[in-house]
Amino acid sequence: MTALAQPIQSSLPAASSAAAERGGRVVAYVTDAATETALRQAAGQLLVSEFEVRRGDVRTAARDLARQRSPDLLIVDLSGIELPIGAMEALSQVCEPSVTVVAVGDRNDVALYRNLRGLGVAEYLFKPLPADQVEALLGRAAGTAGRGEDTGRQGKLVAVTGARGGAGTTTVAVNLAAYLADIDRRRIALVDLDLHTGTVALHLNLKPGRGLREAIEAPERVDGLFLERAMQPASDRLDVLATEEPIVPPVAQNPRAVLDLLDCLRGQYHYVVVDVPHGLSETARAVLDHAALRIIVADGNLAGARDALRLRGAFEASGAARQTLTVHNRRGAPGALSPADFGRALGSTADCAIECRPKPLVEAATLGEPAIRRCAPFKSDISRLAGAVSGQSANGGAGLLARLFRSGKAAR
């Protein structure tokens, strides 16, 4: 078998002896004292500003990061792991898209090295770790993380819009985001693009801030620190960006600034869920064209089905190859079309259906909490939509590694 050290060694530049203090938070999970010592010595020589070593392997890292923010650089130990790719699958479920991942292990295995590299893992080193390679690796990776350079992994942009006004778009967007955060344990950004009359913040009992308007009016200010201050936490994994501007004068929205903001968020979150106002303004159209997934929410009347059909046709005519889901909301409401009639008016069966349950939804909105926390049947409906969004079927589905540890840009 070809030795693994040679291809790794050739991919690492020499560390600079004159390197300035490195930025970025570095956390390493290792299983033995020798590896810990090698990493600490390299970090000390490179003056890495925030460096922490924890005892454990990749499974320990996955357990911890399910409850904590990801570092800028994560080093994980695969030693003794029988199925390392499966362990990386579990880690990918909790890692933020922007993290740089480095693996160390006890297997001199070219196939493993190539598989990990192909999945987007920055490097793989096998033990014992050579001091020069560790220093070069840590210097390059920590320097990249400190400068906030793109790792090539970005979260998924999901745009939720109504076929007509009053279709329940915000309720769907809020509860979808809450489900992905609370149940699927993803880091979620929820953005309300209705700057004047949006109700996302009200649904979550949050006070609207000014960060969204500032981001749109001064896009050059948007960076990781700006977003950290502007986002409002609704739970440990759900952050909200919403504002409540005066009705007049209207705030001018620069579509390019909005798209840049959403792309910046995609570097920090697994999913960016956007509540797009009905009306198809220039900004709304730009976001819908840019999204990887578009969700059309239609209530069960004839006008809702008609406009959902027209909206889908407009998306198809735009030429943008994007997935579109149609949600039949409030199915079974008094006076609404039957599911069969709704499907005929729509031209096909809706992708997801949410039953009409006005009482628990009104109560949840009044209390300012997601309805999925109060109504189990509604939560079940949202779970099916969340499964369609994440691409997972009832028997597990595929693609977590493909979404988070792949090379290159995610589809926009």
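This note goes through the nonpolar cores, one helix pair and three paired strands of a predicted model.

1. The largest nonpolar core of the model has 40 residues, and those with the most contacts inside it are Val191, Leu261, Leu262, Leu265, Val272, Val274 and Val287. Helix H11, which covers residues 255-266, gives the most to this core, contributing five residues.

2. Valine 272 is worth a look in the viewer. When its neighbours within four places in sequence are left aside, Val272 is in contact with Lys156, Leu157, Val158, Ala189, Val191, Leu262, Leu265 and Arg266. Among these partners, Val191, Leu262 and Leu265 are also listed with the most contacts inside the largest core.

3. A second core, separate from the one above, has 39 residues, including Leu238, Val297, Ala364 and Ile382.

4. Helix H13 (residues 302-317) packs with helix H14 (residues 339-346) at an angle of about 35°, and their axes are 8 Å apart; the crossing of H13 past H14 is right-handed. On the H13 side, Leu302, Ala305, Ala308, Leu309 and Arg312 take part, and they meet Phe342, Ala345 and Leu346 of H14. Sorted by class, this contact has seven nonpolar residues, one charged residue and no polar ones.

5. Strand S12 (residues 323-331) pairs with strand S11 (residues 293-299) in the parallel sense over seven bridges, and within this pairing isoleucine 295 has leucine 325 of S12 as its bridge partner. S12 also pairs in the parallel sense with strand S13 (residues 352-355), here over three bridges, and valine 327 stands opposite cysteine 352 in S13.

Note on methods
Residues numbered from 1 in each chain as written. Predicted model: local features only at pLDDT ≥ 70, side-chain atom pairs only at ≥ 80, totals over all residues. Heavy atoms only, no water. Core = buried A, V, L, I, M, F, W, Y, C linked by side-chain atoms within 4.5 Å. Buried < 20%, exposed > 50% of the residue type's maximum accessible area, 1.4 Å probe, protein only. Helix = DSSP H or I, 4+ residues; strand = E, 2+ residues; numbered from the N terminus. Contact = heavy atoms within 4.5 Å. Axes fitted to C-alpha atoms, helices over the stretch in contact; angles between N-to-C directions. Left-handed = near helix turned anticlockwise from the far one by under 90°. Nonpolar A, V, L, I, M, F, W, Y, C, P; charged D, E, K, R; others polar. Pairing = 2+ DSSP bridges.
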